[in-house]
Amino acid sequence: MFVIVDAIATAGEVIPLSLRAKWAVQAASTALESAPILLDGQLELDREGKKVMVSGHAKVQVQTPCHSCAQTVMLVVDTDIALTYYPRPRTTAPDVELATEELDIGWYDNGRLDLEGVLAEALTLASPNRIT
């Protein structure tokens with residue numbers, strides 16, 4: 001699901017997360033490598049010029065294999081979301097190393113923010129490296 005950045009209301013927008021939102025189910029499936037059996041929460045979008053702040057909360061539950069024993073286990077990712085997005089720079093400068101405080105910054109292209117990508121990123125960041 002794409003949101004036109006310039007169309008985000010001054011008061012912000014709230015996007016509900018549920019199993020009925022196909023884009024959110026796809027984001028959770030991508031991030032957690034299993035289809036969610038529970039998906040709840042919301043994304044709150046606020047804009048200052050071209051800067052978009054995404055906050056909110058997501059709770060996702062999936063059944064997934066344990067990395068140690070291969071048995072199916074229940075994984076719950078319950079996380080607050082706080083990410084910031086800017087237009088992708090139009091530069092060919094070499095890659096630079098980001099400081100820790102810059103790791104919550106992402107980019108959008110052509111004036112559109114990909115909410116599926118935003119949710120997948122937030123869930124990936126909140127997920128354990130290994131499921132045991």
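This is a chat about a predicted model, covering its sheet, its helices and a few single residues.

Trainee: Where do I start? How many strands form the open sheet, and in what order?

Mentor: The open sheet has 5 strands, and the order is E2-E3-E4-E5-E6. The pairing in this sheet is mixed.

Trainee: What does pairing rest on in general?

Mentor: Strands of a sheet pair through backbone hydrogen bonds, and the sense can be parallel or antiparallel.

Trainee: Which strands are at the edges?

Mentor: Strand E2 (13–17) and strand E6 (105–108) are the edge strands, as each of them pairs on one side only.

Trainee: And E4 with E5, parallel or antiparallel?

Mentor: Antiparallel: strand E4, residues 51–65, pairs with E5 over 14 bridges. Val60 stands opposite Val77 in E5, and Gln63 stands opposite Met74 in E5.

Trainee: What links E4 and E5 in the hairpin?

Mentor: There are 6 residues between E4 and E5 in that hairpin. Ala70 is in the turn, and its phi is near 70°, a positive value in a residue other than glycine.

Trainee: Is Ala70 buried or exposed?

Mentor: Ala70 is exposed, because its relative accessible area is 58% and the cut-off for exposed is over 50%.

Trainee: Which other loop residue has a positive phi without being glycine?

Mentor: Asn110 is one of them, with phi near 55°. Asn110 is found in the loop between E6 and strand E7 (112–114). Its relative accessibility is 76%, so Asn110 counts as exposed.

Trainee: Back to the sheet. How do E5 and E6 run, parallel or antiparallel?

Mentor: E5 and E6 run parallel, and 4 bridges join them. Tyr85 stands opposite Gly106 in E6.

Trainee: What about Thr84, buried or exposed?

Mentor: Thr84 lies in strand E5. Thr84 counts as buried because its relative accessibility is 14%, and buried means under 20%.

Trainee: What does Thr84 touch?

Mentor: Leaving out residues up to four places away in sequence, Thr84 touches Lys51, Val52, Met53, Asp104, Ile105 and Gly106.

Trainee: New topic, the helices. Where does H1 lie?

Mentor: Helix H1, residues 22–32, lies across E2, E3, E4 and E5. H1 runs at about 105° to E3.

Trainee: And H2, which strands does that one lie across?

Mentor: Helix H2, residues 115–126, lies across E2, E3, E4 and E5. H2 runs at about 125° to E5.

Trainee: Which residues of H1 are buried?

Mentor: The buried residues of H1 are Trp23, Ala24, Ala27, Ala28, Ser29, Ala31 and Leu32. They pack against E2, E3, E4, E5 and H2.

Trainee: Why would spacing along a helix matter for which way residues point?

Mentor: An α-helix has 3.6 residues a turn, so residues three or four places apart point the same way.

Trainee: Pick one residue of H1. What does Ala27 touch?

Mentor: Ala27, which lies in helix H1, touches Glu116, Leu119 and Ala120, again not counting residues up to four places away in sequence. Its relative accessibility is 0%, so Ala27 counts as buried.

Trainee: How far is Ala27 from Tyr108?

Mentor: Their C-alpha atoms are separated by 17 Å, and the two residues are 81 residues apart along the chain.

Trainee: What follows H1?

Mentor: Glu33 follows H1, and its phi is positive, near 60°.

Trainee: Last topic, the surface. Which residues make the nonpolar patch?

Mentor: Ile37, Leu38, Met74 and Val76 make a nonpolar surface patch of about 310 Å². Strand E3 (36–48) and strand E5 (72–87) are the elements that give two or more residues to the patch.

Trainee: Met74 came up before, right? Where was that?

Mentor: In the E4 and E5 pairing, where Gln63 stands opposite Met74.

Trainee: How exposed is Leu38?

Mentor: Leu38 is found in strand E3. Leu38 counts as partly exposed, because its relative accessibility is 30%.

Trainee: One more on the sheet. How are neighbouring strands turned against each other?

Mentor: The open sheet runs in the order E2-E3-E4-E5-E6. Neighbouring strands of this sheet are turned by 25° against each other on average, direction ignored.

Terms used: Residues numbered from 1 in each chain as written. Predicted model: local features only at pLDDT ≥ 70, side-chain atom pairs only at ≥ 80, totals over all residues. Heavy atoms only, no water. Patch = residues over 30% accessible without salt bridge, like charges linked within 9 Å, V, L, I, M, F, W, Y side chains within 5 Å. Areas by Shrake-Rupley, 256 points an atom, 1.4 Å probe, with all protein chains shown as cover. Salt bridge = Lys/Arg side-chain N within 4 Å of Asp/Glu carboxyl O. Buried < 20%, exposed > 50% of the residue type's maximum accessible area, 1.4 Å probe, protein only. Pairing = 2+ DSSP bridges. Axes fitted to C-alpha atoms, helices over the stretch in contact; angles between N-to-C directions. Contact = heavy atoms within 4.5 Å.
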